[in-house]
Amino acid sequence: MSIREAPSARPSLRERRRAVAVDEIVSAAESHIAEEGPHALSLRAVARSLGMTVQALYHYFPSRDDLVTALITKAYDDLADAVQAATESTPDEPDLPGMIVAAEGYRRWAIDNPERFQLLYGAPLRHYHAPVDGPTTEANRRMSAVFERELFRGFTPEQLAAADVRLLSPEFLGHLTRLSPPADGTSPGDGALPPAATALMLSVWGYVHGMVVLEVFGHTGFLGVHQSELYRMAMRNLYDDVRRRIPTHTA
């Protein structure tokens, strides 16, 4: 280390104790949600489970919204970690595309954490408004980047821009153009998708997420243990369709 480089300052004892307390409060809130459901979240019940007063809890989370934001951010981070870990594991079927592996990692986390999944994607909590471009948005983007990378792996920005989305109106593609940052030749997964690829990604997300919602909310229970097989089949068909829409070369 250069003599000019000062070592990073170690958190003070007070900061470390605060971090521990915050973690304990979030863990207690997660347990409360698992038992009672997201809409029954009660700061008073969370404080009681930790042997503290609500007033003491407010020192760490000044409002219910602050605690909810922390819970949603952590859920998104844990979900993104699960999706990423799935893509780094050895699939049970050789040559299974990474997008399908990521989708199945997403499904497994949702099934294992149904209440936290509902906190993310169920009916919105009354009177809660997530901060604009706050930590919940950033955590969600991290997970989306994994799906983008795995879905469009091997394609250049030029190929993605030439994807077949002829059924979409020029007005919608124009809207996507205004939403997307300027193309700069960077790789997929960093927020630089061209409009055609963005449209495909949104369509894929609808299928990936929609089937999981049906399962988590109990609408496909009649399939029993075969739900995972149906999901893999649907993801294969979806993946193959998207890849067929992207040219293997451009002029």
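**Figure 1. Surroundings of helix α5 in the predicted model.** The buried residues of α5 are covered by elements that include α4 (64–88), α6 (114–121), α7 (135–151), α10 (195–216) and α11 (227–244). Of the 15 residues of α5, 12 are buried, so the helix is largely enclosed by the rest of the structure. Among the buried residues are Gly98, Met99, Ile100 and Val101. Charged and aromatic residues of α5, including Glu104, Arg107, Tyr106 and Trp109, are also buried.

**Figure 2. Span of helix α5 from end to end.** Helix α5 comprises residues 98–112. At 1.5 Å a residue, its 15 residues should span 21 Å. The C-alpha atoms at the two ends of the helix are 21 Å apart, which agrees with this expectation.

**Figure 3. The loop position of glycine 37.** Glycine 37 is located in the loop that lies between α1 (13–36) and α2 (43–49). Its relative accessible area is 15%, and because buried means under 20%, glycine 37 counts as buried. Glycine 37 and glutamine 118 are 81 residues apart along the chain, yet their C-alpha atoms are separated by 8.3 Å.

**Figure 4. Salt bridges of the model.** Side chains of opposite charge can pair when their charged atoms come close. In the whole structure, 18 salt bridges are found. One of them joins aspartate 65 to arginine 64, with 3.6 Å between the closest N and O atoms. Both partners are partly exposed: aspartate 65 has a relative accessible area of 26%, and arginine 64 has a relative accessibility of 27%. Glutamate 150 and arginine 153 form another salt bridge, with an N to O distance of 2.8 Å. Here glutamate 150 is buried, at 8% relative accessible area, whereas arginine 153 is partly exposed, at 47%.

**Figure 5. The pair of arginine 166 and aspartate 164, and a salt-bridge network.** The closest N and O atoms of arginine 166 and aspartate 164 are 2.9 Å apart in their salt bridge. Arginine 166 is exposed, with 74% relative accessibility, while aspartate 164 is partly exposed, with 25%. Elsewhere, Asp92, Glu93, Glu104, Arg232 and Arg236 are joined into one network by salt bridges that share partners.

**Figure 6. A nonpolar patch on the surface.** The patch is formed by Leu168, Phe172 and Leu202, which together have about 240 Å² of accessible area. Leucine 168 lies in the loop between α8 (157–161) and α9 (170–179). With a relative accessible area of 31%, leucine 168 is partly exposed.

Technical notes. Residues numbered from 1 in each chain as written. Predicted model: local features only at pLDDT ≥ 70, side-chain atom pairs only at ≥ 80, totals over all residues. Heavy atoms only, no water. Patch = residues over 30% accessible without salt bridge, like charges linked within 9 Å, V, L, I, M, F, W, Y side chains within 5 Å. Areas by Shrake-Rupley, 256 points an atom, 1.4 Å probe, with all protein chains shown as cover. Salt bridge = Lys/Arg side-chain N within 4 Å of Asp/Glu carboxyl O. Helix = DSSP H or I, 4+ residues; strand = E, 2+ residues; numbered from the N terminus. Buried < 20%, exposed > 50% of the residue type's maximum accessible area, 1.4 Å probe, protein only. Expected span 1.5 Å × (residues − 1). Contact = heavy atoms within 4.5 Å.
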